[in-house]
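The following paragraphs lead the reader through the strands of this structure and then through its helices. Please keep the sequence and the structure in view while reading.

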Amino acid sequence: MNRRDVLIASVAAGGSLLAARSGAATLAVRPDAELRLWDNHTGFGYEGPQDVSLLDHWRSAGAHYVCVNVGFDMAPWSSTFLAIADYTKAIAARSDMRLCATLADVQDAWRTGRMAVTFNIEGMGALNETLSLVELYYRLGVRQMLIAYNANNAAGGGCHDEDRGLTDFGRAVIREMNRVGMVVDCAHSGIRSGLEAMRLSDKPCIFSHANVRALHDHERNITDEQIKAVAATGGVVGINGLNLFLGRGPSTVEGVVRHIDYISKLVGPAHVGIALDCDPSGWTPPPPESLTPEMAALFEKYWPARQYSYDVKDDYLQPKALPQIARELTAQGYAEKDVRAIMGGNFMRVAAEVWAPRGMVA
Ligand SMILES: [Zn+2]
């Protein structure tokens with residue numbers, strides 16, 4: 001099944017479900033004790049069981065952790081379960097990866113030479129307006145979920161839409177995410193909805209993958225007010241490696257470091273990390289003339305032409321850039337402990353503060 005099929009098909013939930021694992025309640029090491037390459041968001045959508053092979057790009061780059069996307073608001077909500085089922089089975093079959101429920105699991109994966117994996121969801125549309133699904137997704141391995149993917153949904157506003165703030169349902173979801181230990185992610189969401197979520201949340205929030213609007217003016221990028229707000233929660237902004245959001249031509253390591261440096265100077269190096277948003281498959285949106293009217297309307301809703309030009313081809317910084325980013329930070333004078341924090345320690349700190357320590361909701 002390809003991505004387009006996923007978008008148009010309504011698929012039934014199924015497959016074996018991951019039982020939440022229990023782990024130690026405390027973090028065994030300081031988050032910034034070692035250099036860990038933590039990529040907080042993959043950019044490929046669910047395309048069936050074979051997709052797990054795309055993770056080889058991260059594995060061969062030496063990545064220690066990657067958070068895999070299993071659903072977004074453009075796809076039918078139930079396809080999230082199909083993605084989780086297939087990825088869970090495929091990852092379990094790999095001796096060099098581990099689907100993790102706790103930070104103890106993550107550290108165990110590292111001790112045994114495996115890459116740690118968790119899931120994320122882009123948009124509360126995946127809840128089908130059902131609050132109890134937050135805990136179920138958590139038990140299945142989802143550790144962060146954003147409010148809305150670009151367009152408004154039943155929970156709140158998207159960054160390309162007329163954001164009217166969180167709805168009653170959106171506020172209930174934020175509280176439920178706090179309760180179960182799922183990280184509130186304000187990326188892709190409208191400014192007002194994100195700021196409201198950050199005020200409401202009693203745990204650190206993140207922008208899992210979002211760049212600096214002051215450096216490149218795009219609605220997917222975030223303002224200084226948003227950056228200061230997420231830092232005030234104790235959270236982190238993950239810088240992505242997509243040319244569309246970095247600005248200045250093709251994606252480069254220097255371009256990523258430019259955005260890291262801006263946030264580091266604005267709120268400190270404790271509040272920035274990496275989330276490449278890479279799709280190694282090279283998938284790009286089909287040309288407009290090939291779309292049915294329904295698909296064209298869907299694309300315009302979520303990827304409006306005024307913000308997404310077909311003239312600019314997506315250019316993703318690949319996972320092999322992860323160690324290069326660390327080297328570039330060092331070359332630009334960042335202290336070793338700050339490099340370790342930016343490359344993984346900061347997001348690890350958020351996980352330590354937010355994830356349920358035993359992987360199960362009490
Ligand atoms: Zn995204």
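How many bridges join strand S7 to S8, and do the two strands run parallel or antiparallel? The model, which is a predicted one, shows 2 bridges between S7 (residues 206–207) and S8, and the two strands run parallel. Within this pairing, Ile 206 has Val 236 of S8 as its bridge partner. The connection between the two strands passes through helix H8 (residues 224–232), and the β-α-β crossover formed in this way is right-handed.

Strand S8 itself comprises residues 236–239, and both of its faces are covered. On one side lie Val 236 and Gly 238, on the other Val 237 and Ile 239, and all of these residues are buried. S8 also pairs with strand S9 (residues 272–274), again in the parallel sense, over 3 bridges. In that pairing, Val 237 is found opposite Val 272 of S9. Strand S8 thus has parallel pairings with S7 and with S9.

A second set of strands may be followed from S4 to S6. Strand S4 (residues 115–122) is paired with S5 in the parallel sense, and 4 bridges link them. Phe 119 stands opposite Val 142, a residue of S5. Helix H5 (residues 133–139) completes a right-handed β-α-β unit with S4 and S5.

Is strand S5 mostly covered or mostly open? S5 spans residues 142–146, and 5 of its 5 residues are buried, so that the strand counts as mostly covered. Beyond its pairing with S4, S5 has 3 bridges to strand S6 (residues 183–185), and this pairing is parallel as well. Leu 146 has Asp 185 as its bridge partner in S6. Here the β-α-β unit is made by S5, helix H6 (residues 168–180) and S6, and the unit is right-handed.

Attention now turns to the helices. Helix H3 (residues 79–92) contains 14 residues, and the distance from its first C-alpha to its last is 20 Å, close to the 20 Å expected at 1.5 Å a residue. Because 10 of the 14 residues of H3 are buried, the helix is largely enclosed by the rest of the structure. The buried residues of H3 include Phe 81, Leu 82, Ile 84, Tyr 87 and Ile 91. Ser 79, Thr 80, Asp 86 and Thr 88 are also buried in this helix, as is Ala 83.

Three pairs of helices remain to be described. Helix H7 (residues 191–200) and H8 have axes that come within 10 Å and cross at roughly 20°. The two helices are therefore roughly parallel to each other, and their crossing is left-handed. H8 is also the helix through which the chain crosses from S7 to S8.

The axes of helix H12 (residues 321–331) and helix H13 (residues 336–354) likewise come within 10 Å, and they cross at roughly 150°. H12 is therefore roughly antiparallel to H13. The crossing in which H12 passes H13 is right-handed.

What is the angle at which the axes of H10 and H12 cross? For helix H10 (residues 253–267) and H12, the axes come within 10 Å and the angle is roughly 55°. H10 is therefore oblique to H12, and this crossing is right-handed.

Conventions:
Residues are numbered from 1 along each chain as its sequence is written. This is a predicted model: local features need pLDDT of at least 70, side-chain atom pairs count only at pLDDT 80 or more; totals for chains, interfaces and linings use all residues. A residue is buried if 20 or more other C-beta atoms lie within 10 Å of its own, exposed if 12 or fewer, and partly exposed in between; C-beta atoms are placed from the backbone. Two strands pair if DSSP finds at least two bridges between them. A crossover is right-handed if, with the strands pointing away from the viewer, the path from the first strand over the helix to the second runs clockwise. The expected span of a helix is 1.5 Å times one less than its number of residues. Axes are lines fitted to C-alpha atoms, for helices over the stretch in contact, and angles run from 0 to 180 degrees between N-to-C directions. Angles under 35 degrees count as roughly parallel, over 145 as roughly antiparallel, 65 to 115 as roughly perpendicular and the rest as oblique. A crossing is left-handed if the near helix is turned anticlockwise from the far one by less than a right angle, and right-handed if clockwise.
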